[in-house]
Amino acid sequence: MHMPNFLEHVESFAKSVILFLFKPIRGVMWWHVACEALNARKCLEIRYDGYSRIVEVHAVGTSTAGNPVMRAWQVYSTKPGFKPEFRLFRLDKTWAYAIS
């Protein structure tokens with residue numbers, strides 16, 4: 001009978017954590033995309049709350065509620081009554097992104 005040693009347990013646990021943390025979520029914008037746009041000083045084209053938007057990312061982080069967010073200047077939106085303004089966008093609710 002094989003008795004796993006401590007290192008085998010650690011390796012198995014580490015693989016489980018990595019798979020959980022980096023499990024692909026279809027359509028959800030990843031932190032690295034917002035950070036890439038921020039570092040490159042490029043706009044992001046996103047879908048948010050059912051509308052197309054173009055934003056300039058100014059900060060990426062976590063909200064007080066623990067949600068991944070980006071602070072961005074909204075340049076354009078298809079939402080009726082759009083006005084340019086700073087907004088906080090939850091990254092887990094942001095879809096169909098492209099860096100432009």
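Is F82 buried, partly exposed or exposed? In this predicted model, F82 counts as partly exposed, at 28% relative accessibility. The cut-offs explain the label: buried means under 20%, and exposed means over 50%.

**Aromatic pairs**

F82 has an aromatic partner, Y76. Their rings are tilted, with 55 degrees between the planes. The centres lie 6.3 Å apart. Y76 is partly exposed too, with a relative accessible area of 42%.

The count of aromatic pairs comes to three. Another of them joins W73 and F86. This pair is edge-to-face. The planes stand at 70 degrees, and the distance is 5.1 Å centre to centre. W73 sits in strand β3 and F86 in strand β4, residues 85-90, so the pair ties together parts that are 13 residues apart in sequence. W73 is partly exposed, at 29% relative accessible area. F86 is also partly exposed, at 44%.

**The core**

Now turn to the nonpolar residues. The largest nonpolar core has twelve residues. Among them are V33, A34, L44, I46, V55, V57, M70 and F89. Four elements give two or more residues each to this core: α2 (31-40), β1 (43-48), β2 (51-62) and β3 (68-77).

**A buried arginine**

Where does R53 lie? R53 belongs to strand β2. R53 is buried yet has no salt bridge. The nearest side chain of opposite charge is D49, at 4.4 Å. A salt bridge needs the atoms within 4 Å. R53 does have a polar partner: a contact of 2.6 Å joins its side chain to that of Q74.

Setting aside neighbours within four places in sequence, R53 touches residues including L44, I46, Y48 and F89. Those four also appear in the largest nonpolar core. Y76, the ring partner of F82, is another contact of R53.

**Two unusual backbone angles**

Most residues other than glycine have a negative phi. R41 has a positive phi although it is not a glycine. D49 has a positive phi as well, and it is not a glycine either. The table sets out both cases.

| Residue | Phi | Place | Relative accessible area |
|---|---|---|---|
| R41 | about 55 degrees | loop between α2 and β1 | 79%, exposed |
| D49 | about 55 degrees | loop between β1 and β2 | 52%, exposed |

D49 thus links two parts of this report. D49 is an exposed loop residue, and D49 is also the nearest side chain of opposite charge to buried R53.

Note on methods. Residues are numbered from 1 along each chain as its sequence is written. This is a predicted model: local features need pLDDT of at least 70, side-chain atom pairs count only at pLDDT 80 or more; totals for chains, interfaces and linings use all residues. Side-chain values use heavy atoms; hydrogens and water are left out. A nonpolar core is a set of buried Ala, Val, Leu, Ile, Met, Phe, Trp, Tyr and Cys residues joined through side-chain atoms within 4.5 Å. Buried means under 20% relative accessible area, exposed over 50%, partly exposed in between (1.4 Å probe, protein chains only). Rings of Phe, Tyr and Trp (its six-membered ring) pair if their centres lie within 6.5 Å; planes under 30 degrees apart count as stacked, over 60 as edge-to-face and the rest as tilted. Lys and Arg count as positive and Asp and Glu as negative; His and the chain ends are not counted. A polar contact is a pair of N or O atoms within 3.5 Å; within protein, one must be able to donate a hydrogen and the other to accept it, and residues adjacent in sequence count only if both atoms are side-chain atoms. Contact means heavy atoms within 4.5 Å.
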